[in-house]
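Trainee: Could we take a close look at just one part of this model? I'd like the packing laid out piece by piece.

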Amino acid sequence: MLKVHAKKLDAAKVLCLEGQIVNGETEILRSAVQLAPDDSDIILNLSNVTVVDAHGLGVLLQLREETRTRGTNFELVNVNRNLYRVFEITRLNTVFTIRSETPFVPEIPCSQRMLVAA
C-alpha cells in the first residue's frame, strides 16, 4: 500500500511516499499531485519507497509532464540505491531531476506529517 504525506515548503509541495509505486497503488499519488496548487513545484521524497514497477514509472513520467505543462518543476529526492538502479537501467535518470541529498527538506517525524491518504 502506498502512503503519501504532504508538506508545504516555500514554493514547493513535498510529497513523502511510503511503500510501493506499483500498478493498483498509484491513484493516491496522482490525486496528491493534482491537488497541489498550479504554481507549486512538486518534490517527491522516495526515501521510504521500496519498489517502482513499469506502471509506476509511467505514472511518474505522466506526472512530470503534467507539472511541466503548467510551468512548475518536478523532482525526485532521496532515491535509494536500488531504485536509482531502476532509473539507470531504464535511462530515466536522464529524464528526471534526481537529487540524493536535500538539505532544504528536513526529515519530518511521521507524527508531524499530514497524511493525504492511505
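Trainee: At what angle do helix α1 (residues 27-34) and helix α2 (residues 54-69) pack, and how far apart are their axes?

Mentor: Keep in mind that this is a predicted model, where local features need pLDDT of at least 70, side-chain atom pairs need 80 or more, and totals for chains, interfaces and linings use all residues. Numbering starts from 1 along each chain as its sequence is written, and side-chain values use heavy atoms, without hydrogens or water.

Now, your pair. The angle between α1 and α2 is about 10 degrees, and their axes are 11 Å apart. (Helices, H or I with at least four residues, and strands, E with at least two, are DSSP runs numbered from the N terminus; axes are lines fitted to C-alpha atoms, for helices over the stretch in contact, with angles from 0 to 180 degrees between N-to-C directions.) The two helices are therefore roughly parallel to each other (under 35 degrees; over 145 is roughly antiparallel, 65 to 115 roughly perpendicular, the rest oblique). On the α1 side, the contact (heavy atoms within 4.5 Å) involves L29, R30, V33 and Q34. Facing them from α2 are H55, V59, L60, Q62, L63, E66 and T67.

Let's follow T67, since it leads us on to the strands. T67 sits in α2 and is buried, with a relative accessible area of 0% (buried means under 20%, exposed over 50%, partly exposed in between, with a 1.4 Å probe and protein chains only). Leaving out residues up to four places away in sequence, T67 touches V33, I42, T72 and F74.

F74 brings us to strand β4 (residues 74-77), where F74 and L76 point one way, E75 and V77 point the other way, and all are buried. On one pairing, β4 runs parallel to strand β3 (residues 41-52), with four bridges joining them (DSSP must find at least two bridges for strands to pair). N45 stands opposite V77 there. The chain gets from β3 to β4 through α2, and this β-α-β crossover is right-handed (with the strands pointing away from the viewer, the path from the first strand over the helix to the second runs clockwise).

L44 in β3 ties much of this together. L44 is buried, at 0% relative accessible area, and its contacts beyond four places in sequence are L15, L17, L29, L60, F74, E75, L76 and V77. K13 is 31 residues from L44 in sequence, yet 8.5 Å from it in space, C-alpha to C-alpha.

β4 has another parallel partner: three bridges join it to strand β5 (residues 97-99). The bridge partner of E75 in β5 is T97. Put helix α3 (residues 81-89) between β4 and β5 and you get a right-handed β-α-β unit.

The loop between β4 and α3 deserves a look too. N78 lies in that loop and has a phi near 55 degrees, a positive value in a residue other than glycine. N78 is also buried, at 17%. V79 is in this loop as well, and at 11% relative accessibility V79 counts as buried. Beyond four places in sequence, V79 touches L46, Y84, F87, I98 and R99. V79 and V49 are 30 residues apart in sequence and 8.1 Å apart in space, C-alpha to C-alpha.

On the far side of α3, in the loop between α3 and β5, comes R91. Its phi is near 65 degrees, a positive value in a residue other than glycine, but R91 is exposed, with a relative accessible area of 57%.
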